[in-house]
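Visitor: I should like a close look at one part of this structure, namely the salt bridges and the places where their residues sit. Please take me through them in a connected account.

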Amino acid sequence: MSSSTIGLSEDLRQYLLGVSCRESKTLKGLRKETFQLKEAQMQISPEQGSFLAFLVKVLRAKKTLDIGVFTGYSSLVVADALPDDGVVIACDTSEEWTNIAQKYWSEAGVNNKIRLELAPALRTLDKLIENGEPGTFDFSFIDADKINYDSYFEEVLPKMKVGGLIISDNVLWSGKVLEKVNSKDLSTMALQKYNEKLKNDPRVKTVLLPLRDGITLSWVR
Ligand code: CA
């Protein structure tokens, strides 16, 4: 037995999926359609989807934010885990990707719980303050352009309730975070800084899990 985390072989991952994930027909369809896109790797994995849904249930979350919708998998699993009066504010700038998302949200019957904001997320987040919504969100998922992770975090944090969770995806960045800082790779640099910052940020308590491409859970104090 080793004290380091098991590197999952494809067989072991399939076993994990088999004993822990129940992916609906709609989610499977969405995964299949997204797989045709050249950006398919931007989609979260089924085990991440189950994990997000699990967290939403445990938190008894009602108000949630999805920063970086892509083709809508994360918004769908979160919306599905929310109570009837729950909401996902889904932020993205791509009409093409969110058109796919909306098709599957409607198929899953969760459209009424998702408010799509087709605009730069930072602008949408600003609007939430104008609407008097600071301190009201239970759960946020940050999974958009890595260069802006810190800005998203800073904009999201004041909207969160104490005890809420901010989840950030891709924080291990396929291992590139180990590379020496290279000013040409702005995404890697941004993630290196972001991870160090979260570790020391007194406003949150953060754990980093090696789930897929690395995911951090920041609990708002
Ligand atoms: Ca991601």
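Guide: A salt bridge is taken here as a side-chain nitrogen of Lys or Arg within 4 Å of a carboxyl oxygen of Asp or Glu. The model is predicted, and by this rule it holds 16 salt bridges.

Arg-115 and Glu-117 offer a case in point: their closest N and O atoms are 3.1 Å apart. The two partners can be described by their accessibility. Arg-115 has a relative accessible area of 34% and is therefore partly exposed, while Glu-117, at 13%, is buried.

A second pair joins Lys-63 to Glu-133, with an N to O distance of 2.6 Å between the side chains. This pair links distant parts of the chain, its residues being 70 apart: Lys-63 belongs to strand β1 (residues 63–67), and Glu-133 to the loop between α6 (121–130) and β4 (137–142). Glu-133 counts as buried because its relative accessibility is 12%, and buried means under 20%.

A third salt bridge brings together the side chains of Lys-146 and Asp-143, at 3.3 Å from N to O. Both of these residues are buried. They also lead to the largest pocket, which encloses about 570 Å³ of space. Thirty residues line this pocket, and Asp-143 and Lys-146 are among the five closest to its centre, together with Met-42, Ala-144 and Asp-145. Helix α4 (73–81) and strand β2 (87–92) are the elements that each give two or more residues to the lining. By residue class, the lining comprises 13 nonpolar, nine polar and eight charged residues.

Beyond these pairs there is a network of salt bridges, in which Asp-150, Glu-154, Lys-197, Asp-201 and Arg-203 are linked. Part of the network can be placed in the packing of two helices. The axes of α7 (residues 149–156) and α8 (residues 186–200) come within 9 Å and cross at roughly 35°. On the α7 side, the contact is made by Tyr-149, Asp-150, Phe-153 and Glu-154; on the α8 side, it is made by Leu-191, Tyr-194, Lys-197 and Leu-198. These contact residues divide into five nonpolar and three charged, with no polar residue. Asp-150, Glu-154 and Lys-197 thus appear both in the salt-bridge network and in the contact of α7 with α8.

Technical notes: Residues are numbered from 1 along each chain as its sequence is written. This is a predicted model: local features need pLDDT of at least 70, side-chain atom pairs count only at pLDDT 80 or more; totals for chains, interfaces and linings use all residues. Side-chain values use heavy atoms; hydrogens and water are left out. Helices (H or I, at least four residues) and strands (E, at least two) are DSSP runs, numbered from the N terminus. Buried means under 20% relative accessible area, exposed over 50%, partly exposed in between (1.4 Å probe, protein chains only). Axes are lines fitted to C-alpha atoms, for helices over the stretch in contact, and angles run from 0 to 180 degrees between N-to-C directions. Contact means heavy atoms within 4.5 Å. Ala, Val, Leu, Ile, Met, Phe, Trp, Tyr, Cys and Pro count as nonpolar, Asp, Glu, Lys and Arg as charged, and the others, Gly among them, as polar. On a 1 Å grid over the protein atoms alone, a cavity is a set of points where a 1.4 Å probe fits but cannot get out, and a pocket is an open set with protein on both sides within 12 Å along at least five of seven lines; lining residues have an atom within 4 Å of a point. Grid points are joined across faces, edges and corners, and a volume is the space filled by probe spheres set on the points.
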